[in-house]
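Colleague: I would like to go through the ligand site and the open spaces of this model with you. Could you show me the structure before we begin?

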Amino acid sequence: MENVKPNFPAFPVSRPRRLRRTPALRRMLRETELNPGDFIYPLFVRSGKGEPRPIRSMPGVNQWTVEHLPALAEKVLRAGVPAVILFGIPEEKDAVGRENFDANGVVQRAILAIKAAVPEMVVITDVCLCEYTDHGHCGLLNVGDVLPEPHLPEGYVLNDTTLNILGRVAVSHAAAGADIVAPSGMMDGMVGAIRQALDAARFEHIPILSYAVKYASSFYGPFRDAAESPPKFGDRKSHQMDPANRREALREAALDIGEGADMLMVKPALPYLDVIAELRQAFPELPLAAYNVSGEYAMLKAAAQNGWLDERGAVLEALTAIKRAGADLILTYHALDAAAWLAEG
Ligand code: PBG
């Protein structure tokens, strides 16, 4: 009984710092490895010709015309980034967003141009109405002299009539050569409707990356500048999720899997790392993406431009955190910079 140990030793017995002493040890023991291959680079494409148009609230990000895309796609692939996601800014917007499913629409032409020049590039398309409708909402609206759905409020985003259009959009993207379609409108049943439309058009081989868990976030502000898609009135809270909700994220993800989603997304990323971790655990069998959105990008850019943060350090730390939380893939406007920094080692 003389060998009873004191409750605490005079010196620490366990010394985690032993494993952090040298760069080589730290390198060897790193748990999360960020790679350019994890990134998906978002591209804004507008009609017409001309020089890339910078986006004020997203320094370093441009609206591109189709003519520039082959060279840009080449550059992205050479940086080790395997995929882009396309957002179209159409020539004309209308109540239903016709250019969205026009074989000659801006996104369809962009897909063709990229796939012709760089066939290995994985081309993902955002499937939503908001960039194409004159009212800027993600679906058809309950408006008119006679309301289409009189039992619902005026201006309500109609669910099931919107699904038909989403199916047509997805099919037109697949027909142009898209590798993956990514519905982002948070309509109930959107994944099932798109799966059905794709299958009926013999695109059963085209996967769906569902923006399954998309919050009604203030961090989308700069994107709406970039895509010229702010809602003309109201907000998106009747379809996007309340930032306060976690359990609801599991419900949304489970529904989308049931409807045939091949991959899931959480959006935004940094304020929702807990949700990313939760989905990774609950649905380990599906690839999980996280969208490091425009506002997350703008925050770091603004601080870096003011000299308040070291951009390289802060960006790589943020992206590593998203991966550590459980994301396999990260949609990020930092993709090209981050890939270059990672290559420097
Ligand atoms: C909808 C869509 C949005 C974003 C991606 N897809 C905007 C929205 O829901 O308002 C935002 C992405 C970002 O902020 O970077 N088509």
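Modeller: Here it is; please note that this is a predicted model. A sensible place to begin is Lys214, which has a polar side-chain atom 2.7 Å from an oxygen atom of the ligand.

Colleague: Which side chain has an N or O atom 2.9 Å from an oxygen atom of the ligand?

Modeller: That is the side chain of Gln240.

Colleague: And what lies 2.7 Å from a nitrogen atom of the ligand?

Modeller: An N or O atom in the side chain of Glu131 does. As for cover, the ligand has 410 Å² of accessible area on its own, and the protein covers 100% of it.

Colleague: Which elements give two or more residues to the shell around the ligand?

Modeller: Two elements do so: the strand β7 (209–214) and the helix α6 (221–226). Lys214, with its polar atom 2.7 Å from a ligand oxygen, falls within the range of β7 (209–214).

Colleague: How many residues are around the ligand, and which come nearest?

Modeller: There are 19 residues around the ligand. Those that come nearest are Arg224, Arg236, Lys267, Ser294 and Tyr333.

Colleague: How does that shell divide by class?

Modeller: The shell around the ligand has ten nonpolar residues, three polar ones and six charged ones.

Colleague: Turning to cavities, how many of 30 Å³ or more does the structure hold?

Modeller: The structure holds three of that size. The largest cavity has a volume of about 110 Å³, and this cavity is the space taken by the ligand.

Colleague: What lines the largest cavity?

Modeller: Its lining consists of 15 residues, and Cys130, Ser184, Lys214, Phe223 and Lys267 lie nearest the centre. At least two lining residues come from β7, and at least two from α6. By class, the lining of the largest cavity has seven nonpolar, two polar and six charged residues.

Colleague: What about the second largest cavity: how much space lies in it?

Modeller: About 40 Å³. The residues that line the second largest cavity are Tyr220, Phe223, Lys267, Tyr291, Val293, Ser294 and Tyr333. Five of these lining residues are nonpolar, one is polar and one is charged. Phe223 and Lys267 are in this lining, and both are also named among the residues nearest the centre of the largest cavity.

Colleague: Let us change topic to pockets. How much space lies in the largest pocket?

Modeller: The largest pocket holds about 550 Å³. It is lined by 18 residues, and those closest to its centre are Arg27, Arg30, Thr32, Glu33 and Thr320.

Colleague: Which element gives the largest share of that lining?

Modeller: The helix α10 does, with five residues of the lining of the largest pocket. At least two lining residues come from each of α1 (23–28), α10 (311–325) and α11 (335–344). Arg27, one of the residues closest to the pocket centre, falls within α1 (23–28).

Colleague: And how do the residues of that lining divide?

Modeller: The lining of the largest pocket has eight charged, six nonpolar and four polar residues.

Colleague: Finally, which residues lie nearest the centre of the second largest pocket?

Modeller: They are Met186, Asp188, Ser238, His239 and Glu252, out of 17 lining residues. About 280 Å³ of space lies in the second largest pocket. Its lining has six nonpolar, five polar and six charged residues.

Note on methods
Residues numbered from 1 in each chain as written. Predicted model: local features only at pLDDT ≥ 70, side-chain atom pairs only at ≥ 80, totals over all residues. Heavy atoms only, no water. Near = heavy atom within 4 Å. Polar contact = N/O pair within 3.5 Å; in protein donor to acceptor, adjacent residues only side chain to side chain. Areas by Shrake-Rupley, 256 points an atom, 1.4 Å probe, with all protein chains shown as cover. 1 Å grid on protein atoms, 1.4 Å probe; cavity = no way out; pocket = protein on both sides within 12 Å on 5 of 7 lines; lining within 4 Å. Sits in = over half its atoms within 2 Å of the grid points. Helix = DSSP H or I, 4+ residues; strand = E, 2+ residues; numbered from the N terminus. Nonpolar A, V, L, I, M, F, W, Y, C, P; charged D, E, K, R; others polar. Points joined across faces, edges and corners; volume = space filled by probe spheres on them.
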